[in-house]
Amino acid sequence: MSKVIQQFQRYALLRSILYILTGIFAIMYPKEFTQGIIYLIAGYVAILGIMNLWSAYQEKRRSGYVGFEMIVGILLLVAATAILALAKPIFTIMTIFLGILIVLNGILRIVQGFNLKGLNQRYLPWIFYGALLVVGGLLLMFKAVASIMTLFGSLLIFMGISEIGGYIQIKRNLS
């Protein structure tokens, strides 16, 4: 388990800056932020579809046989179109997914706190932070859609600041 925690701590400072900037953007521009995430997901799925179609084209040129990539590519392009068309319901599902990710992050922080307790380090801030993330993630999953981006942005900023604090604490302990 300590290997997972070490890997997670490796990019703590970069992750904290990304959390804070994303949180600020989500609070200041919730509608644009939501649309951006939906376009990003749809774009990613469309690129995967195009890559599969290109792979199918290459295979057809080489062997004359059209493989499974053609079907997958077409389905992925249809999925990208559906994502754009069904953005509102997807947003609701996305907030549940983001809430689950934050809850899992909170649980990881609680486990990290208990690991620090075993090393005779300060652990209560990590457990408190993890509990706040779990509560915030659960609220994000079940709160009204209108205020979700404000809550999500606030949680990201809090996570970013806490990551910086944890990074500094770990650096001090290693010195």
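**Reading an all-helix model**

Colleague: Let's start from the outside: how much accessible surface does the protein have, and what share of it belongs to carbon and sulfur atoms?

Modeller: The accessible surface is about 11000 Å², and carbon and sulfur atoms account for 73% of it. Keep in mind that this is a predicted model.

Colleague: Which elements build the protein, and in what order do they run?

Modeller: The protein has 7 helices and 0 strands, so its order from the N terminus reads α-α-α-α-α-α-α. As for burial, 33% of the 175 residues count as buried. Among contacts between residues at least 6 apart in sequence, 73% link residues at least 24 apart.

Colleague: How do I check the length of a helix, say helix 3?

Modeller: Compare the expected span with the distance between the end C-alpha atoms. Helix 3 covers residues 30-63, and its 34 residues should span 50 Å at 1.5 Å a residue; the end C-alpha atoms lie 49 Å apart, so the two agree. Just after helix 3 comes G64, with a positive phi near 80°.

Colleague: Which residues of helix 3 are buried?

Modeller: They are F33, T34, I37, I38, A42, V45, A46, G49 and A56.

Colleague: What does L76 touch, beyond residues up to four places away in sequence?

Modeller: L76, which sits in helix 4 (residues 68-85), touches V45, L48, G49 and N52. Of these, V45 and G49 are among the buried residues of helix 3. For a backbone view, take L76 and A46: 30 residues separate them in sequence, yet their C-alpha atoms are 6.2 Å apart.

Colleague: Which residues touch the most other members of the largest nonpolar core?

Modeller: The general idea first: in soluble globular proteins, nonpolar side chains tend to be buried together. Here the largest nonpolar core has 24 residues, and I102, L133, F152 and M159 touch the most other members. Two or more residues of this core come from each of helix 2 (12-28), helix 3, helix 4, helix 5, helix 6 (124-142) and helix 7 (148-174). Looking at M159, its contacts outside four places in sequence are Y19, I102, N105, Y129 and L133.

Colleague: And which residues make a nonpolar patch on the surface?

Modeller: I96, F97, I100, L101, L104 and I107 make one of about 530 Å². I107 belongs to helix 5 (residues 87-118).

Colleague: Why does I107 count as partly exposed?

Modeller: Here the cut-offs help: buried is under 20% and exposed is over 50%. I107 has 42% relative accessibility, so it falls in between and counts as partly exposed.

Key:
Residues are numbered from 1 along each chain as its sequence is written. This is a predicted model: local features need pLDDT of at least 70, side-chain atom pairs count only at pLDDT 80 or more; totals for chains, interfaces and linings use all residues. Side-chain values use heavy atoms; hydrogens and water are left out. Helices (H or I, at least four residues) and strands (E, at least two) are DSSP runs, numbered from the N terminus. Buried means under 20% relative accessible area, exposed over 50%, partly exposed in between (1.4 Å probe, protein chains only). Contact means heavy atoms within 4.5 Å. Accessible areas come from the Shrake-Rupley method with a 1.4 Å probe; for residues, only the protein chains shown count as cover. Patches are made of residues with over 30% relative accessible area and no salt bridge: like charges are joined within 9 Å, nonpolar side chains (Val, Leu, Ile, Met, Phe, Trp, Tyr) within 5 Å. A salt bridge is a side-chain nitrogen of Lys or Arg within 4 Å of a carboxyl oxygen of Asp or Glu. The expected span of a helix is 1.5 Å times one less than its number of residues. A nonpolar core is a set of buried Ala, Val, Leu, Ile, Met, Phe, Trp, Tyr and Cys residues joined through side-chain atoms within 4.5 Å.
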